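Student: I would like a close look at a single part of this model. Please take the start of the chain, and then show me how the rest is laid out.

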Amino acid sequence: LTDKLQEVFKKLRNKGKLTEEDVNAALREIRLALLEADVNYKVVKDFVARIKERAVGQEVIQSLSPAHQVVKIVRDELINLMGGQNARLNLAPKPPTVVMLVGLQGSGKTTTAAKLALSLKKQGRRPLLVAADVYRPAAVKQLQVLGDQIQVPVWSQTGDPVEIAASAVREANHKGYDVVIIDTAGRLHINEELMRELEEIKARVKPHEVLLVVDAMTGQDAVTVAETFHQRLGLDGVVLTKLDGDTRGGAALSIRAVTGCPIKFVGVGEKLDMLEPFHPDRMADRILGMGDVLTLIEKAQSTIDAEQAAAMQKRLLSDDFNLEDFLEHLRQFRKMGPLDHILSLLPGFGGMKKLREELQFDEKELIWAEAIINSMTPEERRHPEIIDGSRKRRIARGSGTTVQDVNRLLKQFEQTKRLIRQFMGSKHLKKKRFPNL
Ligand code: GDP
Ligand code: MG
């Protein structure tokens with residue numbers, strides 16, 4: 001979806017002034033891109049209609065940067081579609097807050113229960129996990145194992161899930177647990193038996209939050225499931241799991257619009273710290289690919305003197321990119337904002353978190369890098385490969401750092417050199433984005 005939308009916006013950007021036809025053509029493509037991303041048909045229709053209404057208005061066509069305006073409208077409407085604000089967990093005025101997790105088998109309920117408990121625990125609360133999925137012995141065991149990992153107690157009993165839930169709330173009252181998280185049973189498909197059991201638990205323990213857990217990777221099925229659960233149970237929110245594996249974004253975009261229920265959390269990995277509050281604006285930016293190359297280039301162009309940038313790019317690509325260039329490069333990049341942020345704009349960088357972390361320089365580190373490079377001889381700066389053990393010791397002494405610091409700087413230099421070359425050297429970029437190369 002991101003790629004498709006970026007294509008559309010690029011076309012618009014190349015146009016300068018927009019006619020109504022340009023906008024219509026872009027809207028057709030946006031519509032297709034959304035449908036391909038498995039966004040609900042009705043949602044797409046309304047969405048496009050709303051954008052059209054705003055985008056063919058005089059203000060856009062006559063504005064100085066019409067394409068920019070269209071992107072902004074699309075962003076606003078995407079955020080609206082997903083509920084605008086981040087919807088938080090409602091905590092009860094008088095503890096314990098009872099949270100009931102429902103959903104189909106395999107959607108991620110048990111994992112989410114533990115993730116939620118961990119995040120509440122980190123906020124200083126005292127959660128109690130409740131194993132109310134009694135049909136599969138392994139299910140109770142699974143929750144116990146997770147509970148052990150995060151050191152949160154797990155309430156379990158044999159017998160009726162409704163009774164288990166009720167006794168867990170009594171236990172919480174008694175022992176001072178302030179959030180009770182009930183992990184319920186699922187089925188492979190929605191059926192009457194499941195719904196009735198969940199209704200009974202709900203009637204009995206009166207949860208403050210009934211959260212539906214759905215798998216983002218199931219796309220529109222997730223939306224249908226959400227509709228059905230909402231009709232029967234009345235949901236307070238949705239947890240969208242496995243967003244890490246969802247490349248299309250259809251469920252994330254449709255659930256709120258179709259059901260009226262906000263997505264409150266998203267699961268972004270199997271590990272227990274991989275649950276995040278859902279922020280519609282951040283999701284919109286991700287979908288739009290705001291971390292895009294265009295932004296990077298625009299930013300770079302406005303900050304770095306064009307000629308200087310061209311010269312720098314040439315040197316970066318050449319074999320004699322040396323430590324002096326490296327220092328210069330660090331200074332330039334710093335002008336644009338935190339290096340980490342800039343790097344996150346490069347395509348393919350999202351997954352290279354570790355490298356990104358290693359490449360981060362703050363003000364202090366820059367001073368430190370500069371001191372080390374200043375203590376080198378010109379020969380060493382141009383040919384870092386000659387820096388051996390005794391030279392490192394001398395440089396460290398001269399710059400008031402340690403040999404480890406020198407090693408680290410040299411490593412960062414090598415990495416930057418390799419990365420930048422990879423990035424600049426990719427055909428796509430050289431051709432399209434750096435016409436002055
Ligand atoms: P339940 O049947 O609804 O209780 O589902 P589980 O909690 O047992 O999860 C089913 C599978 O999905 C497990 O293998 C989990 O590790 C995995 N899972 C759950 N949430 C996420 C997530 O956010 N990302 C990924 N990648 N896997 C997840
Ligand atoms: Mg389970």
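Tutor: What follows starts with one pair of helices and then moves along the chain. Keep in mind that this is a predicted model.

Start with the helix pair. Two packed helices are described by the angle between their axes and the distance between the axes. Here the pair is α1, residues 2-13, and α2, residues 20-36. Their axes make an angle of about 175 degrees and lie 9 Å apart. An angle over 145 degrees counts as roughly antiparallel. α1 and α2 are therefore roughly antiparallel to each other.

Which residues in α1 and α2 meet? From α1 come K4, L5, V8, K11 and L12. From α2 come D22, A26, E29, I30 and A33. Sort the residues of this contact by type: six are nonpolar, four are charged and none is polar.

Now look at V56. This residue sits in the loop between α3 and α4 (58-61). Set aside its neighbours within four places in sequence, and V56 is in contact with E20 and V23. α2 covers residues 20-36, so turn the view to that helix to find both partners. L18 is another residue to find here. V56 and L18 are 38 residues apart along the chain, yet their C-alpha atoms are separated by 9.2 Å. Is V56 buried or exposed? V56 counts as partly exposed, because it has 18 other C-beta atoms within 10 Å, and a buried residue needs 20 or more.

Next, the loop that follows α2. D38 is found in the loop between α2 and α3 (41-55). Its phi is near 70 degrees. That is a positive value in a residue other than glycine. D38 has 20 C-beta neighbours inside 10 Å, so D38 counts as buried.

K242 makes a good companion case. This residue lies in the loop between β6 (237-241) and α11 (250-259). K242 is not a glycine, but its phi is positive, at about 60 degrees. K242 counts as buried because it has 22 C-beta neighbours inside 10 Å.

There is also a backbone detail at a pair of prolines. P95 and P96 are joined by a cis peptide bond, with omega of about 5 degrees. P96 lies in the loop between α5 (66-81) and β1 (97-102).

Move on to ligand 1. How many residues surround ligand 1? There are 19, and the closest are G108, K109, T110, T111 and G267. Helix α6, residues 109-122, gives the most to this shell, with three residues. By type, the shell divides into 12 polar, four charged and three nonpolar residues.

G267 leads to an annotation. An unreviewed UniProt entry places the feature "domain: SRP54-type proteins GTP-binding" at residues 262-275. In the model, the end C-alpha atoms of that span lie 16 Å apart. The span is 43% strand and 0% helix.

Finally, step back to the whole chain. The protein chain has 22 helices and eight strands. Of its 437 residues, 37% are buried. Now take contacts between residues at least 6 apart in sequence. Of these, 73% join residues at least 24 apart.

Terms used:
Residues numbered from 1 in each chain as written. Chains lettered and ligands numbered in written order. Predicted model: local features only at pLDDT ≥ 70, side-chain atom pairs only at ≥ 80, totals over all residues. Axes fitted to C-alpha atoms, helices over the stretch in contact; angles between N-to-C directions. Helix = DSSP H or I, 4+ residues; strand = E, 2+ residues; numbered from the N terminus. Parallel < 35°, antiparallel > 145°, perpendicular 65-115°, else oblique. Contact = placed C-beta atoms within 7 Å. Nonpolar A, V, L, I, M, F, W, Y, C, P; charged D, E, K, R; others polar. UniProt positions renumbered as here; feature names shortened; annotations may be inferred. Buried ≥ 20, exposed ≤ 12 C-beta atoms within 10 Å, placed from the backbone. Near = placed C-beta within 6 Å.
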